[in-house]
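Student: I've got a structure open and I don't know how to read its features. Could you walk me through some?

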Amino acid sequence: MTMLPVYGKGEVKKMNCSAHQSSNKLTQETLAKMKKHPCYSADAQHQHARMHLPVAPRCNIGCNYCNRKYDCLHESRPGVTSEVLTPAAARQKYLIVKEKIENLSVVGIAGPGDALADWANTQKTIQEIQACDPEVIFCLSTNGLLLPEYAAEIVALGLKHVTVTLNTLEPETGARIYKYVNYRGKRYEGAEGAAILLKNQLAGIAYLAGQGVAVKVNIVMIPDINDREIPAIVKKAKELGAFITNIMPLIPAPGSAFQDYPQTSMTDINNMRKACQADLQQMTHCRQCRADAIGFLGDDRSLEFRGCSKLPAEPVTIAGKTEKTYKIAVATKHGRLVDQHFGHAAELSIYQGDGDKFQLLEKRQVAQYCTGGEECDPQESVKEKTISAIKDCDAVISLRIGYAAKQNLAQNNIVSVEYYDTVENGLKYAVQALK
């Protein structure tokens, strides 16, 4: 195993990273493949599908924004999956999905833990699928702690796309973001653990970029913790040879240390992206996908392939009868799944029922609360129109909803429910939340 310099206990806390400087050496082949990769090319997101294979459940660091209960079937966020696959099962599922989705071009491994913490499974999965489809584009996501150990093997496997999450350049800030770092059989906490993580991240990014790998650096923007450091992180990513950075909002996961933090506003995210664009290309179309996501970025079809079985016909009956009547709005594209962001919905399906049976009353047009990108901070008139259109509803169910929209709904006594499953199960889940 070829290893880069690694760092352990006793290293200095303030690092001079000049030793890690690198320039990216992307080949024409990599650039051509990038045009088919929806996470690296905004133009590809509507033309090429991707599939995440959840084969790596273990993790080696404790992020304060993460909840390791990865089997949260109804949530749509990174680190969540409905199942964990063996390499053999992953290959089988890939072949099934490939038959159904002709424009599937990318296979990614993004957990639900860390791709390198379960390197044997990750490597075997890639090799299994390469053997049956050498044309597929592979990518993986990692926190970077073990990059010095596995970067050379990543290159040897032919991977040209790697995402590394780099949230700070300061160990003291890292101590606020990470509970612990498990490295080489030891547990490190505070700035000491964050310093080990940081040094290995920087060394790994530089090595991969120098070997022609297109490195995407993910940055979770956490208000009042690392937000002021992000311009410096982007500059460092460029210096190391990264191709692009992806500044993402904090999604407060229930049960995590940051569960009570407000979700980072898209206004702040877009302003930060604009400020950093002059230094390095910015990704602006990220959907912060599940670890088992399938399909286009804005149209996750993973439920269709859960257990590789077909979805049942659209249901309307729900167990648990009560005397109260509920009216619930659902953000759904095709009527079977809760599969749309509240802010992106131009139409909501309105259901009414008593907790035993629900009936679809109508499909109601609404003013889009957020049309994506830079328009996610609507004028007051748009907010009022959207809220007014559903004021008669007790709850809204959506794949995801922004913090400000959630607060506005709450002020109007409308409960917001984030869910990812069938409409039937979503209505049942919402009824429980309303009781």
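Tutor: Let's talk about salt bridges, one pair at a time. This is a predicted model, where local features need pLDDT of at least 70, side-chain atom pairs count only at pLDDT 80 or more, and totals for chains, interfaces and linings use all residues. Residues are numbered from 1 along each chain as its sequence is written, and side-chain values use heavy atoms, with hydrogens and water left out.

Student: How many salt bridges does the structure hold?

Tutor: Side chains of opposite charge can pair when their charged atoms come close. Here a salt bridge is a side-chain nitrogen of Lys or Arg within 4 Å of a carboxyl oxygen of Asp or Glu, and the structure holds eleven.

Student: Which residue forms a salt bridge with Lys124?

Tutor: That's Glu128, with the closest N and O atoms 3.5 Å apart. Both sit in helix 3 (residues 119-132), four residues apart, about one turn of the helix. Helices are DSSP runs (H or I, at least four residues), as are strands (E, at least two), numbered from the N terminus.

Student: And Lys236, is it buried or exposed?

Tutor: Lys236 counts as buried, at 12% relative accessibility; buried means under 20% relative accessible area, exposed over 50%, partly exposed in between (1.4 Å probe, protein chains only). Its salt-bridge partner is Glu239, at 2.8 Å, N to O, and Glu239 is partly exposed at 28%.

Student: Where do Lys406 and Glu418 lie?

Tutor: They meet in a salt bridge of 3.4 Å, N to O. Lys406 is in helix 10 (residues 403-411) and Glu418 in strand 16 (residues 415-418), so the pair ties together parts twelve residues apart in sequence.
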